[in-house]
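Hello, and thanks for sharing this one. Below are a few numbered notes to read with the coordinates open.

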Amino acid sequence: GVNYYPRPNAGDLELTNSIDFFTEAFRAGWERDIENFKALNINVVRIYAVAPGEDHNGFMCALKAAGIYVIVDLAAGCLNCAVTSDPAPTCYPAELRLRGKFIVAEFARYDNVLAFSAGNEVNLVGSWLSTALCQKKFIADMRSYINRCSATVRQIPVGLAMADVEREANALWYKYVSLRYQKSFPY
């Protein structure tokens with residue numbers, strides 16, 4: 001598999017981290033790329049910065065036809081679209097929770113969705129110990145939402161992508177720190 005965010009290397013869109021490149025407006029690019037994925041025998045892509053409410057049907061169906069599974073990121077680079085470097089609980093904006101639920105509900109209908117990622121290299125945002133609390137709460141909220149909606153939302157795993165630094169400390173923290181420490185969250 002590959003991480004797939006086809007942002008250009010130059011021009012107006014070079015520095016963006018919040019444009020949804022998986023809609024009809026960008027069809028020419030992703031159709032070309034899917035052909036390349038097939039030629040390379042890629043069977044999983046991880047996509048970033050999907051916009052809730054946009055039409056992803058063409059993209060998702062083209063991937064399915066190509067035999068390609070998808071890991072969908074729930075966060076993005078826009079305001080309140082990801083866990084921040086603020087101290088808990090403010091590092092978890094309420095808008096992020098709503099965004100995640102909307103994306104889960106939208107993408108769970110595609111049977112080629114393999115998983116959801118609650119964040120990208122989240123241990124590089126501020127002090128990872130302070131933001132990890134918010135990140136773990138976001139993951140728990142998304143898993144809970146999927147479990148509560150099991151009649152309408154397909155059961156799909158939710159995890160996160162970590163930068164390859166302080167690997168053991170991160171793994172231990174996410175494995176053993178209980179959500180009971182998150183009582184300070186207002187939701």
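1. The sheet. A good place to begin is the open sheet, where five strands follow the order S1-S2-S3-S4-S5 with parallel pairing. Strand S1 (2-4) and strand S5 (158-161) are the edge strands, each pairing on one side only. From one strand to the next, the twist averages 35°. Please keep in mind throughout that this is a predicted model.

2. Pairing on the S1 side. S1 and S2 run parallel and are joined by three bridges. Here Asn3 stands opposite Arg46 in S2. Moving on, four bridges join S2 to S3, again in parallel, and Val44 stands opposite Tyr69 in S3.

3. The two faces of S2. Which way do the side chains of Val44, Arg46, Val45 and Ile47 point from S2? Val44 and Arg46 point one way, while Val45 and Ile47 point the other way. All of these residues are buried, Arg46 included, so you may like to look at Arg46 on screen, given that the cut-off for buried is under 20% relative accessible area.

4. Pairing on the S5 side. Strand S4 (residues 113-120) runs parallel to S5, with three bridges between them. One residue to pick out is Asn120, whose bridge partner in S5 is Ala161.

5. Helix H3 on the sheet. Helix H3 (residues 94-107) packs on the sheet and touches strand S2 (44-47), strand S3 (69-73) and S4. The direction of H3 makes about 165° with that of S4.

6. Helix H2. Which residues of helix H2 (residues 57-65) are buried? They are Gly58, Phe59, Met60 and Leu63. An α-helix has 3.6 residues a turn, so residues three or four places apart point the same way. The cover over the buried residues of H2 includes S1, helix H1 (27-39), S2, S3, H3 and S4. After H2 comes Gly67, which has a positive phi, near 75°.

7. Tyr48. This residue is found in the loop between S2 and H2. Is Tyr48 buried or exposed? Tyr48 counts as buried because its relative accessible area is 15%, and the cut-off for buried is under 20%. Leaving aside residues up to four places away in sequence, Tyr48 touches Asn3, Tyr4, Tyr5, Phe22, Asp73 and Asn120. Tyr48 and Asn17 are 31 residues apart along the chain, and their C-alpha atoms are separated by 8.1 Å.

8. The largest pocket. About 300 Å³ of space lies in this pocket. Of the 17 residues that line the largest pocket, those closest to its centre are Tyr48, Ala75, Ala76, Gly77 and Asn120. Two of these names have come up already: Tyr48 touches Asn120, and Asn120 is the bridge partner of Ala161 in S5. By type, the lining divides into nine nonpolar, six polar and two charged residues.

9. Val165. The last stop is the loop between S5 and helix H5 (167-176), where Val165 has its place. Val165 has 36% relative accessibility, so this residue counts as partly exposed, the class that lies between the buried limit of 20% and the exposed limit of 50%. How far apart are Val165 and Glu121 in sequence and in space? They are 44 residues apart in sequence, and 9.6 Å apart in space from C-alpha to C-alpha.

Technical notes
Residues are numbered from 1 along each chain as its sequence is written. This is a predicted model: local features need pLDDT of at least 70, side-chain atom pairs count only at pLDDT 80 or more; totals for chains, interfaces and linings use all residues. Side-chain values use heavy atoms; hydrogens and water are left out. On a 1 Å grid over the protein atoms alone, a cavity is a set of points where a 1.4 Å probe fits but cannot get out, and a pocket is an open set with protein on both sides within 12 Å along at least five of seven lines; lining residues have an atom within 4 Å of a point. Grid points are joined across faces, edges and corners, and a volume is the space filled by probe spheres set on the points. Ala, Val, Leu, Ile, Met, Phe, Trp, Tyr, Cys and Pro count as nonpolar, Asp, Glu, Lys and Arg as charged, and the others, Gly among them, as polar. Two strands pair if DSSP finds at least two bridges between them. Axes are lines fitted to C-alpha atoms, for helices over the stretch in contact, and angles run from 0 to 180 degrees between N-to-C directions. Contact means heavy atoms within 4.5 Å. Buried means under 20% relative accessible area, exposed over 50%, partly exposed in between (1.4 Å probe, protein chains only).
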